[in-house]
Amino acid sequence: MSLLSDWRNYAYGLDDRTPEGKQFWLNYFGVEQGIYKKLLSNPTEVVTGTVKELAEKYGTTIQLITGFLDGINDSLKTPNNIEEMDEDTQVSLDIDLEQLYMNMVECEAEWLYTLEEWNDLLTEERRKELYKIQKKSKTVVKPPKIGRNDPCPCGSGRKYKQCCGKN
């Protein structure tokens with residue numbers, strides 16, 4: 001099994017309503033927040049290294065850095081091949097800041113998209129704009145309902161109930 005499979009099986013197999021599950025996720029979110037603070041404080045640096053080296057650099061375990069890499073992968077300019085990574089796999093963290101911000105909003109990770117480090121990276125107006133864009137992308141707009149006696153939208157000229165609205 002790959003590191004990613006092990007991470008997903010363990011982490012998503014935990015019940016976050018149990019004390020063990022709550023403690024695991026609180027610990028993970030704290031580690032994740034710490035890594036993001038370091039990354040966002042120097043956004044021009046493209047961090048590279050093996051999975052093991054990154055775990056050591058950020059003072060965490062292989063398991064938690066794997067979870068972090070899983071979470072950030074969609075926010076990178078060039079995603080890593082995380083499906084088959086092991087401890088010695090070389091990874092690169094070349095972050096697309098706007099995509100990262102929007103992904104944090106999508107995941108409702110307020111503890112991440114409200115970090116102070118964002119103040120120096122994106123203007124408040126841009127963050128609000130990205131927030132709205134992300135929230136709108138999930139909004140489902142239903143078309144107006146067609147009444148039984150309305151003209152059929154197919155253009156036949158007949159009533160909906162006598163055309164496409166037949167059961």
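**View 1. Phe 29, a partly exposed ring.** With a relative accessibility of 29%, Phe 29 counts as partly exposed (buried is under 20% relative accessible area, exposed is over 50%, partly exposed is in between, using a 1.4 Å probe and protein chains only). Tyr 28, at 4%, counts as buried. What you're looking at is a predicted model, in which local features need pLDDT of at least 70 and side-chain atom pairs count only at pLDDT 80 or more, while totals for chains, interfaces and linings use all residues. Residues are numbered from 1 along each chain as its sequence is written, and side-chain values use heavy atoms, with hydrogens and water left out.

**View 2. Aromatic rings that pair up.** Searching the whole structure turns up 15 aromatic pairs (rings of Phe, Tyr and Trp, the last by its six-membered ring, pair if their centres lie within 6.5 Å; planes under 30 degrees apart are stacked, over 60 edge-to-face, and the rest tilted). Tyr 28 and Phe 29 make an edge-to-face pair, because their ring centres are 5.8 Å apart and their planes sit at 65°. Tyr 101 and Tyr 113 are edge-to-face too, with 6.0 Å from centre to centre and 70° between the planes. This second pair ties together distant parts of the chain, 12 residues apart: Tyr 101 belongs to helix 5 (residues 97-106) and Tyr 113 to helix 6 (residues 110-113). (Helices, H or I with at least four residues, and strands, E with at least two, are DSSP runs numbered from the N terminus.) Tyr 101 is buried at 5% relative accessible area, and Tyr 113 is buried at 13%. Elsewhere, Trp 7, Tyr 10, Tyr 12, Phe 24, Trp 25, Tyr 28, Phe 29 and Trp 111 come together as one aromatic cluster.

**View 3. Helix 2 and what it packs against.** Helix 2 runs for 23 residues and reaches 33 Å from first C-alpha to last, close to the 33 Å expected at 1.5 Å a residue (the expected span is 1.5 Å times one less than the number of residues). Its buried residues include Gly 21, Phe 24, Trp 25, Tyr 28, Val 31 and Glu 32. Further along the helix, Ile 35, Tyr 36, Leu 39 and Leu 40 are buried as well. The buried residues pack against helix 1 (3-11), strand 1 (47-50), helix 4, strand 2 (90-93), helix 5 and helix 6 (contact means heavy atoms within 4.5 Å).

**View 4. The largest pocket and the largest cavity.** The largest pocket holds about 450 Å³. Of its 20 lining residues, Tyr 12, Tyr 28, Glu 32, Gly 71 and Cys 107 are the closest to its centre. Helix 2 gives the most to the lining, with 5 residues; helix 2 (19-41), helix 4 (62-72), helix 5 and helix 6 each supply at least two. There's also 1 cavity of 30 Å³ or more in the whole structure. The largest cavity has a volume of about 40 Å³, and Leu 39, Asn 42, Pro 43, Glu 45, Val 46, Leu 93, Asp 94 and Ile 95 line it. (On a 1 Å grid over the protein atoms alone, a cavity is a set of points where a 1.4 Å probe fits but cannot get out; a pocket is an open set with protein on both sides within 12 Å along at least five of seven lines; lining residues have an atom within 4 Å of a point. Grid points are joined across faces, edges and corners, and a volume is the space filled by probe spheres set on the points.)

**View 5. Helix 7, with a buried face.** The 14 residues of helix 7 (residues 124-137) should span 20 Å at 1.5 Å a residue, and the end C-alpha atoms are indeed 20 Å apart. Arg 127, Leu 130 and Gln 134 are the buried residues of this helix. Seen down the axis, they fall within an arc of 65°, so they line one face of the helix (the arc is that of the directions from the helix axis to the C-beta atoms). An α-helix has 3.6 residues a turn, so residues three or four places apart point the same way. On the other side of helix 7, Glu 125, Lys 128, Lys 132 and Lys 136 are exposed. Helix 5 is included in what covers the buried residues.

**View 6. Arg 127, up close in helix 7.** Arg 127 is buried, with a relative accessible area of 13%. Leaving aside neighbours within four places in sequence, Arg 127 touches Tyr 101, Trp 118, Asn 119 and Leu 122. Thr 114 is 13 residues away from Arg 127 along the chain, and their C-alpha atoms are separated by 9.8 Å.

**View 7. Lys 135 and the loop residue Glu 108.** Lys 135 lies in helix 7 and is partly exposed at 34% relative accessible area. Not counting residues up to four places away in sequence, Lys 135 touches Val 105 and Glu 108. Glu 106 is 29 residues from Lys 135 in sequence, yet the two are 7.3 Å apart in space, C-alpha to C-alpha. Glu 108 sits in the loop between helix 5 and helix 6 and is exposed, at 57%. Although Glu 108 is not a glycine, it has a positive phi of about 60°.
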